[in-house]
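Here is a short briefing on one protein chain. Have the coordinates open as you read.

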Amino acid sequence: MSDHNMIAFFIKMESEVVDSETWVLNLNKGNYEDLRRELVLIDWGELIKGMTVKRQWQTFKERMGELQQLFIPVWHKSKGGQRTNLWLTKEIRNSIRYKEEAYRLAKKSNRSEHWEQFI
């Protein structure tokens, strides 16, 4: 007679279709000539005079963002109706990946410490 007991269970899960939308810069169609022309017209010395380095960087990023919106078009990138399991978080996916890698290593080496790491 065995002292092992078997546990069986069923998990009923639902998933939803997520239509993921992302807007991306179309860098191949950017009007870089006009962008450069606008950058040259800005008096950077006067604009950032008396600012801290952090504030200078923020000012530069803001100006570049404004010019980017003017001269570089965006396009819609869609992943389509991709099914996602709401319970399958990034942390769980990483744990699964780690477990699979530990199994591959244990199977390949057949060393007891690798099997213990897998378990």
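Which residues does T59 touch, not counting residues up to four places away in sequence? The answer is L47 and M51. The model is predicted. The protein holds 5 helices and 2 strands, and 9% of its 119 residues count as buried.

**Overall layout**
- Along the sequence, the pattern reads β-α-α-α-β-α-α.
- About 10900 Å² of the protein is exposed. Carbon and sulfur atoms supply 55% of that area.
- Take the contacts with a separation of 6 or more: residues 24 or more positions apart account for 74% of them.

**Two buried residues**
- T59 sits in helix α3, which covers residues 53–71.
- T59 is buried because its relative accessible area is 5%, under the 20% cut-off.
- N26 belongs to the loop between β1 (16–25) and α1 (32–41).
- N26 also counts as buried, at a relative accessible area of 19%. The limit is under 20%, so this value qualifies.
- Leaving aside neighbours within four places in sequence, N26 is in contact with I72, P73, V74 and W75.

**A nonpolar surface patch**
- W23, L25, L27 and V74 form a nonpolar patch on the surface.
- Together these four residues have about 400 Å² of accessible area.
- V74 lies in strand β2, residues 74–84.
- V74 is partly exposed, with a relative accessible area of 47%. A patch residue needs over 30%, so V74 meets that condition.
- V74 is also one of the contacts of N26.

**Aromatic pairs**
- The structure holds 3 aromatic pairs.
- One of them joins Y103 and W115 edge-to-face, at 6.0 Å centre to centre and 75° between the planes.
- This pair links distant parts of the chain, with Y103 in helix α4 (residues 90–109) and W115 in helix α5 (residues 112–118). The two residues are 12 apart.
- Why does the pair count as edge-to-face? The planes meet at 75°, and angles over 60 degrees fall in that class.
- Y103 is partly exposed, at a relative accessible area of 35%.
- W115 is partly exposed too, at 25% relative accessibility.
- Elsewhere, ring pairs link W44, W57 and F60 into a cluster.

**Salt bridges**
- How many salt bridges does the structure hold? There are 5.
- Side chains of opposite charge can pair when their charged atoms come close.
- R37 forms a salt bridge with D34, and the closest N and O atoms are 2.4 Å apart.
- R37 and D34 are separated by about one helical turn, because they are 3 residues apart in helix α1.
- R37 is partly exposed, with a relative accessible area of 43%. D34 is partly exposed at 23% relative accessibility.
- E33, D34 and R37 are linked in a network of salt bridges.
- In helix α4, R104 and E101 lie 3 residues apart, about one turn of the helix. Their side chains meet in a salt bridge, 3.1 Å from N to O.
- R104 has a relative accessible area of 48% and is partly exposed. E101 is partly exposed at 44%.
- The side chains of R111 and E113 meet in another salt bridge, 2.5 Å from N to O.
- R111 is partly exposed, at a relative accessible area of 44%. E113 is partly exposed as well, with 38%.

**The end of the chain**
- Where is I119 found? I119 is in the segment after α5.
- Is I119 buried or exposed? I119 counts as exposed because its relative accessibility is 77%, and the cut-off is over 50%.
- I119 and A102 are 17 residues apart in sequence. Their C-alpha atoms are 8.8 Å apart in space.

Conventions
Residues numbered from 1 in each chain as written. Predicted model: local features only at pLDDT ≥ 70, side-chain atom pairs only at ≥ 80, totals over all residues. Heavy atoms only, no water. Patch = residues over 30% accessible without salt bridge, like charges linked within 9 Å, V, L, I, M, F, W, Y side chains within 5 Å. Areas by Shrake-Rupley, 256 points an atom, 1.4 Å probe, with all protein chains shown as cover. Helix = DSSP H or I, 4+ residues; strand = E, 2+ residues; numbered from the N terminus. Buried < 20%, exposed > 50% of the residue type's maximum accessible area, 1.4 Å probe, protein only. Contact = heavy atoms within 4.5 Å. Phe/Tyr/Trp six-rings, centres within 6.5 Å; stacked < 30°, edge-to-face > 60°.
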